[in-house]
Every structure is written in C-alpha cells, then in structure tokens.
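Subject: Structure for your review

Dear colleague,

Please find the structure below, together with its sequence. My notes on what was found follow directly after it.

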Amino acid sequence: MANLLKQGMTPPKLAATIALGTVVGVVPALGVSTMICTALAARFRLNIAATILISYLIHPLQLLLIIPFARMGIFMFGLQELRFSLEEMIEMFRSDWLAALNLLWQANLAAVSAWALLAIPIGIVLYLLVLPILIRFMPKKVQA
C-alpha cells in the first residue's frame, strides 16, 4: 500500500495531489468526490490512490462547509433563503414536501456552483503553499 501511495511522487506532483484531493474533497455534493478525484487524477496523471485518500481525509471539512457553500450560492443567485435548523426542515417537509425537495435541490445546486467558483483559485493557492514545503522536506532522488 505504501508503495502505491509513493508511486511517481515528485514535489510538484504531490503538491498537485494534495491540492486536488483537498479541493475535490470538500465538494458540497455527498458521494461524488471519489468519481471526480479519480477522473481528475487520471487526467492530470497524478497518483489516484493518494488523491482519493486525501479527499477522504478531508471529508469532515466537507460536512462543515456544506451549509456555508449553500448560503453563499443562495446569496449569489438570489434564491429564496433556506432555513437549516432541523425543526424548520421538518416543518417544510410536513407542509409541502415537494416544495421542500425543490428548495433543497436548488440550495445544493447553488452550493456546488459556489464551490466551483472557488475550487480553482483555492486549488492554485494550496498548490503554491504546499510546493515549497515539499521541495524543502522531501528527500531528493539519488541518481545513479
């Protein structure tokens, strides 16, 4: 397993893996990060296993950021304000469950849109912050 995670890891590739896994790991749509990580890591020839591992490690942050992303998206698109307390959600579903599902669907799409706007800039900043640290502390490859 350790060999699988270390495979082809240079500081730039590892920094890209960390940035990609982190950014995709917080996508505010539960259950899609593994597919997105796999596709993007394969596309950019990064270590797929390490990218997915990082996205899994960052999942607690995903749960913390779902509501802020939804609020940001709702604000950006001028959607109806959504109350996120459990009591208000239960009441919404009791009064009109189709309307409640529609509001939650819109809030989720708005959250993913807000994430998408921030993903690339945050990914680049993460890459640029992590790269110098990795260059400094990763062992240099010995050439024969």
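The side chains of Glu81 and Arg71 form a salt bridge, with an N to O distance of 3.3 Å; the term stands for a side-chain nitrogen of Lys or Arg within 4 Å of a carboxyl oxygen of Asp or Glu. Glu81 belongs to the loop between helix 5 and helix 6 (86–95), while Arg71 belongs to helix 5, so the pair ties together parts that are ten residues apart in sequence. Helices here are DSSP runs of H or I with at least four residues, numbered from the N terminus. Glu81 is partly exposed, at a relative accessible area of 41%, and Arg71 is likewise partly exposed, at 41%. On this scale, buried means under 20% relative accessible area, exposed means over 50%, and partly exposed lies in between, with a 1.4 Å probe and protein chains only. The structure holds one salt bridge.

Please note that this is a predicted model, in which local features need pLDDT of at least 70 and side-chain atom pairs count only at pLDDT 80 or more, whereas totals for chains, interfaces and linings use all residues. Residues are numbered from 1 along each chain as its sequence is written, and side-chain values use heavy atoms, with hydrogens and water left out.

Helix 5 (residues 59–77) also bears on the surface. Phe75, Met76, Phe77 and Leu117 make up a nonpolar patch there, with about 460 Å² of accessible area together. Such a patch joins nonpolar side chains (Val, Leu, Ile, Met, Phe, Trp, Tyr) within 5 Å, from residues with over 30% relative accessible area and no salt bridge; like charges are joined within 9 Å. The areas come from the Shrake-Rupley method with a 1.4 Å probe, and for residues only the protein chains shown count as cover. Helix 5 gives the most to this patch, with three residues. Met76 is found in helix 5 and is partly exposed, with a relative accessible area of 32%.

Turning to empty space, the largest pocket holds about 330 Å³. Its lining has 14 residues, of which Ala16, Ala19, Leu20, Phe44 and Gly123 are the closest to its centre. Helix 2 (11–25) and helix 7 (97–137) each supply at least two residues of this lining, and helix 7 gives the most, with six.

There is also one cavity of 30 Å³ or more, and the largest cavity has a volume of about 30 Å³. Its lining consists of Ile74, Leu79, Gln80, Leu82, Leu103, Gln106 and Ala107; helix 7 provides the largest share, three residues.

Both terms rest on a 1 Å grid over the protein atoms alone: a cavity is a set of points where a 1.4 Å probe fits but cannot get out, a pocket is an open set with protein on both sides within 12 Å along at least five of seven lines, and lining residues have an atom within 4 Å of a point. Grid points are joined across faces, edges and corners, and a volume is the space filled by probe spheres set on the points.

Finally, two buried residues deserve mention. Thr17, in helix 2, is buried at 0% relative accessibility. Leaving aside neighbours within four places in sequence, Thr17 is in contact (heavy atoms within 4.5 Å) with Met9, Leu46, Asn47, Ala50, Thr51 and Ile54. Leu46 lies in the loop between helix 3 (33–43) and helix 4 (48–57) and is buried, at 14%. Not counting residues up to four places away in sequence, Leu46 touches Lys13, Ala16, Thr17, Leu20, Ala41 and Thr51.

Kind regards
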